[in-house]
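Student: I'd like to learn how to read a structure one feature at a time. Could you walk me through one?
Tutor: Gladly! Let's open the structure and start with a strand.

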Amino acid sequence: MIAFTDIVGMDLAKQALMLLAVDPSLGGVVIPSAVGSGKSTLARAFADILPEGTPFVELPLNVTEDRLIGGVDLEATLATGQRVVQHGVLSRAHKGVLYVDSLSLLDSSAVSHVMDAMSRGVVLVEREGLSEVHPADFMLVGTYDPSDGEVRMGLLDRIGIIVPFATQNDYRARKKIVSVVLGERYSEDTQDELRMLRGLIEAAREQLSHVSMTKEQIKGLIQTAISLGVEGNRVDIFTIRCAIASAALAQRTEVDDEDLKLAVKLVLVPRATRMPEREATEEEMQAPDEAPPEEEAPETEDENAPPDEPDADADEEQEETPDMIEELMMDAMETELPDNILNISLASKKKAKSGSRGEALNNRRGRFVRAQEGEMKSGKVALIPTLISAAPWQKTRKADKAKKGIKTGALVINKEDVKIKKFRDKSGTLFIFMVDASGSMALNRMRQAKGAVASLLQNAYVHRDQVALISFRGKQAQVLLPPSQSVDRAKRELDVLPTGGGTPLASALITAWETAKQARTKGITQIMFVLITDGRGNIPLAAAYEPNAEKAPKEELEKEIEAIALTIQADGVASIVVDTQMNYLSRGEAPKLAQKLGGRYFYLPNAKAEQIVEAALS
Amino acid sequence: MTQTVKAAKKSSSSKAAAPAKAVAPAKAKATAPAKVKATPEAKAAPVKKASSKKKSALAFPFTAIVGQEEMKLSLILNIIDPRIGGVLVMGHRGTGKSTTVRALAEVLPLIPRVKDDIYNRTVEQYVEAEGGKKGAPAINPEEVKTEMIPVPVVDLPLGATEDRVCGTIDIEKALTSGVKAFEPGLLAQSNRGFLYIDEVNLLDDHLVDVLLDVAASGKNVVEREGISIRHPARFVLVGSGNPEEGELRPQLLDRFGLHARIITINDVAKRVEIVKRRREYDEDPEAYIKKVTRDQQKLQKKIVAAQELLPQVTMDDKVLTDIARLCMSLGIDGHRGELTITRTAHAFAALQGKTTVTMAHVKEVAGLCLRHRLRKDPLETVDAGEKIERELAKVLGEGEAAA
């Protein structure tokens with residue numbers, strides 16, 4: 001074990017963990033970072049700075065529902081003749097830390113249970129004849145590699161601090177890391193340092209209730225949250241708590257500018273959905289422009305500022321908020337905002353390494369989650385749970401049978417005892433739409449794609465299908481919608497979409513393939529590419545990072561696309577190509593592409609959404 | 001690993017009290033005294049006391065919730081008339097959806113039930129069910145003792161298993177005494193009350209099936225170990241969730257009477273107020289609740305008054321015609337739309353202290369009632385609420401022209 005104080009670099013993450021130690025009601029800390037950056041070492045070392053005896057529970061990714069929530073320990077119950085209750089992982093982390101490594105790979109049902117426990121502070125156990133409330137007020141510390149995929153926003157919303165994505169440590173830091181790893185552990189110095197740190201945190205905890213914050217400061221933070229388009233009110237409270245914890249850690253009684261900046265950096269910026277503008281007009285400050293129009297139902301308007309007087313409102317707010325604070329917020333944001341803020345990315349989109357990891361996790365597909373009642377022929381029988389569920393009734397059943405004069409064997413097993421293994425089935429298909437948004441026909445194609453995506457999603461719950469959407473235009477392709485089942489989200493992404501420009505077909509194929517690989521790590525194995533294009537790529541892959549590369553010879557372009565297409569085919573991804581080019585203009589690129597992908601080809605120059613769906617499902 | 005043992009020495013008074021029944025319902029776990037004991041396996045580990053009792057945790061008060069009027073109104077209307085069919089609250093994260101639903105319990109009125117009845121039955125229901133049993137003596141309704149209880153609000157967590165939702169045989173009883181006793185589930189507890197599911201769009205399919213079945217019939221039937229239990233399970237279904245997390249099954253969507261949408265408040269003053277109240281509450285929950293007691297009582301009284309007024313509320317046939325025309329012009333299948341609007345408008349009029357439903361009342365609730373019933377068109381760009389407004393304006397216009 002490497003001690004907290006011996007870890008080099010990742011200062012922001014360390015600071016975040018210290019703030020959490022000071023105020024556990026911040027909910028938790030999420031640390032996105034690349035493989036091998038030491039994020040999990042740091043997270044595990046978090047226990048060092050907490051008061052002794054604080055539980056530190058690690059949540060394994062393959063946790064079953066009963067382990068997570070708790071339930072009746074049937075074996076012990078049978079052995080003792082008394083009901084033995086086993087607390088789940090969530091409850092064992094009560095008043096302590098629940099640590100999840102690779103948070104983005106956690107099964108979605110497990111995520112839901114964690115979320116639920118976090119919002120209640122308890123676990124409701126309503127399982128197997130048991131109805132109990134177990135305390136589960138814990139801090140969640142999660143680390144993950146963004147190239148494995150996103151963490152669900154609902155979960156992030158309950159975690160106060162999201163550390164900005166950390167890039168690799170520099171050379172000097174690395175050297176020091178190596179020497180620490182190889183060196184003596186827990187030397188005396190380290191012990192002293194840890195003791196001091198614990199004392200500091202202890203003192204800060206006591207200081208917490210003495211820290212005050214002005215109304216202007218609170219207003220400033222909220223204003224910042226609004227201008228960054230942060231959703232919900234929970235985050236407002238986290239921001240304030242973070243600023244106060246920061247002041248407490250510095251043994252101050254008043255929140256100062258640095259505290260506010262830190263709160264903006266750790267709580268608000270990672271959740272930004274839009275870029276604030278320094279000279280924001282009143283309307284921009286007030287209008288919730290991230291909300292799609294359909295969410296502003298007329299009935300809901302009265303809860304917001306009346307539409308006819310937002311200007312007046314904003315003016316007022318601006319007068320009340322001292323310029324100084326606003327300036328400060330803007331400073332904090334400008335220095336911290338990532339370039340592509342709309343990807344909410346906690347992270348640079350790193351390319352997933354092809355190979356081992358994805359494959360290994362693939363085998364987890366259809367992971368056993370629980371044994372559930374069911375027909376014997378409808379699935380795999382879970383033998384032990386079946387026997388266990390039959391066991392308690394043996395006495396009464398044998399008595400019943402004896403009364404009727406029926407002889408019984410050693411065990412009386414009824415139909416209702418039979419438990420079937422329930423797997424987390426991701427048997428649905430992921431449809432990855434790649435839509436050519438270049439050129440003049442783009443609008444039409446986008447409309448078709450939108451329709452097709454939406455109507456596939458209408459039925460998504462039945463088949464557990466998901467849809468992702470990639471548009472390509474200009475220099476490179478862009479994931480508009482990561483794999484999702486949500487019609488609302490799809491609509492929101494699709495409603496604002498630029499069109500025109502070159503056709504980076506190769507980039508689209510690569511991006512789609514990466515999305516596919518990510519999905520596989522989450523257990524989705526059936527993947528279909530739906531490519532809506534005329535098949536005429538004219539921008540090479542290199543264009544994304546080298547402007548001069550834009551003009552490449554036609555043969556090279558073709559070779560590049562062919563190589564990618566063949567790789568995708570070899571990888572076992574099914575594809576269809578929907579050709580939208582008018583007949584007289586077609587030079588046969590699209591059918592050629594379909595052939596290279598090993599996919600089917602549809603010529604639908606005026607395709608309606610339904611036709612595309614039919615083609616994809618056929 | 002910490003394990004706790006819940007001793008089997010539960011008070012068996014309630015079971016003993018009903019010897020005539022073939023199957024004695026086990027007393028609800030919540031009231032059973034829990035005894036904590038270490039098992040042999042857990043002896044080495046420190047034994048933590050499990051709070052296995054259901055404590056009535058303090059909840060942020062309903063009347064202190066800022067904004068989100070649509071959701072609050074929907075819930076109140078459902079208290080006034082539970083036949084409206086519940087409410088689905090969908091919207092942004094962290095906007096107080098579950099806080100609001102959980103706050104509901106404190107403003108709910110009291111209802112009478114048969115004393116200690118685990119199904120919360122009225123005297124009539126009790127007499128009908130228990131008196132009609134084979135070999136059971138006739139029950140004189142006047143001898144049945146009753147008590148007043150707050151309308152129950154039952155939380156159905158996502159991880160609930162089917163046996164806890166529907167009820168099952170008490171395994172402990174079976175083990176210790178070989179007696180088959182029915183242990184009621186969440187559906188029994190929620191009879192005549194509210195059943196709340198947070199993240200309803202993530203609920204497992206098999207539980208959705210159970211809910212649909214019970215919601216349609218109003219009865220829960222459990223067959224296990226050769227016994228058959230049938231009990232009333234009529235509840236107001238309240239669900240909440242974030243649409244970005246996933247879609248709701250259409251059959252379940254259709255079950256909800258009302259659909260409230262909730263979005264992030266973008267008014268600074270309001271958001272500051274929310275934060276202010278929340279912090280004040282967090283500092284000293286009891287003191288804060290005390291501070292708003294009068295508001296809470298006022299609301300409760302208003303709801304009770306509306307409930308009492310409801311039977312006197314009438315609606316002109318012309319209004320009914322307009323409602324039907326509205327639903328037709330929106331192309332809504334079935335008649336649940338009309339029915340819901342009618343009931344909701346009645347409740348809304350009662351809440352306003354009015355005894356006649358007018359189109360003004362209908363206008364206020366039409367969006368809530370119909371939003372989720374419009375046929376979905378993937379290419380539709382107009383919001384459902386807007387569409388309803390538009391058609392409503394047409395219907396109203398025609399009505400005026402005719403008059």
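Student: Which residue in β8(A) does A:Val97 stand opposite?
Tutor: A good place to begin, with one reminder: this is a predicted model. To read strand pairing, look for the bridge partner across the way. The partner of A:Val97 in β8(A) is A:Met139.

Student: How many bridges join β5(A) to β8(A), and do they run parallel or antiparallel?
Tutor: There are 5 bridges between β5(A) and β8(A), the latter covering residues 139-144, and the two strands run parallel. β5(A) also pairs with strand β2 of chain A, residues 56-58, in the parallel sense, here over 3 bridges. In that pairing A:Val57 is matched with A:Leu98 of β5(A).

Student: Is β5(A) mostly covered or mostly open?
Tutor: For that, count the buried residues. β5(A) spans residues 97-101, and 4 of those 5 residues are buried, so "mostly covered" is the reading.

Student: Let's try a whole sheet. In what order do the strands of the 6-stranded open sheet in chain A come?
Tutor: Order in space is what matters when you read a sheet. This one goes β14-β13-β12-β15-β16-β17, with mixed pairing. At the edges sit β14 (476-484) and β17 (600-603) of chain A, each paired on one side only. Neighbouring strands are turned against each other by 15 degrees on average, ignoring direction.

Student: What sense does the pairing of β12(A) with β13(A) have?
Tutor: Parallel: β12 (residues 429-436) and β13 (residues 466-473) of chain A share 7 bridges. One match to find on screen is A:Phe431 with its bridge partner A:Val467 in β13(A).

Student: Which helix packs on this sheet by touching β15, β16 and β17 of chain A?
Tutor: That is α24 of chain A, residues 589-597, whose direction makes about 175 degrees with that of β16(A). Another helix of chain A, α22 (residues 505-521), lies across β12, β13, β14 and β15, running at about 25 degrees to β14(A).

Student: What is the pairing in the 5-stranded open sheet of chain B?
Tutor: Parallel, with the strands in the order β5-β8-β11-β2-β12. Its edge strands are β5 (153-155) and β12 (258-262) of chain B. On average, neighbours in this sheet are turned by 20 degrees against each other, direction ignored. Helix α2 of chain B, residues 69-80, packs on the sheet, touching β2, β11 and β12 of chain B, and makes about 155 degrees with the direction of β12(B). Inside the sheet, β8 (residues 194-198) and β11 (residues 236-241) of chain B are joined in parallel by 5 bridges. There B:Tyr196 has B:Val238 of β11(B) as its bridge partner.

Student: Now helices. What span should α10(A) have?
Tutor: Multiply out the rise per residue and compare with the ends. At 1.5 Å a residue, the 13 residues of α10(A), 215-227, should span 18 Å, and the end C-alpha atoms are 18 Å apart, which agrees.

Student: Why is α10(A) described as largely enclosed by the rest of the structure?
Tutor: Because 11 of its 13 residues are buried. Among them are A:Ile218, A:Leu221, A:Ile222 and A:Ile226, but also A:Gln217 and A:Lys219. After the helix comes A:Gly229, which has a positive phi near 70 degrees.

Student: How does α15(B) compare with its expected length?
Tutor: α15(B), residues 359-370, reaches 15 Å from first C-alpha to last, close to the 16 Å expected for its 12 residues. It is largely enclosed too, since 9 of the 12 residues are buried. The buried ones include B:His361, B:Val365 and B:Cys369.

Student: At what angle do the axes of α11(A) and α10(B) cross?
Tutor: When two helices meet, read the distance, the angle and then the hand. The axes of α11(A), residues 234-249, and α10(B), residues 268-283, come within 10 Å and cross at roughly 65 degrees. The crossing is right-handed. A:Asp236, A:Ile237 and A:Ile240 make the contact from α11(A), with B:Arg271, B:Val275 and B:Arg278 from α10(B). These residues divide into 3 nonpolar, 3 charged and no polar.

Student: Finally, how many helices and strands does chain A have?
Tutor: Chain A has 25 helices and 17 strands, and 49% of its 618 residues are buried. Chain B has 16 helices and 14 strands, with 46% of its 403 residues buried.

Definitions and conventions:
Residues numbered from 1 in each chain as written. Chains lettered and ligands numbered in written order. Predicted model: local features only at pLDDT ≥ 70, side-chain atom pairs only at ≥ 80, totals over all residues. Buried ≥ 20, exposed ≤ 12 C-beta atoms within 10 Å, placed from the backbone. Helix = DSSP H or I, 4+ residues; strand = E, 2+ residues; numbered from the N terminus. Pairing = 2+ DSSP bridges. Expected span 1.5 Å × (residues − 1). Axes fitted to C-alpha atoms, helices over the stretch in contact; angles between N-to-C directions. Left-handed = near helix turned anticlockwise from the far one by under 90°. Contact = placed C-beta atoms within 7 Å. Nonpolar A, V, L, I, M, F, W, Y, C, P; charged D, E, K, R; others polar.
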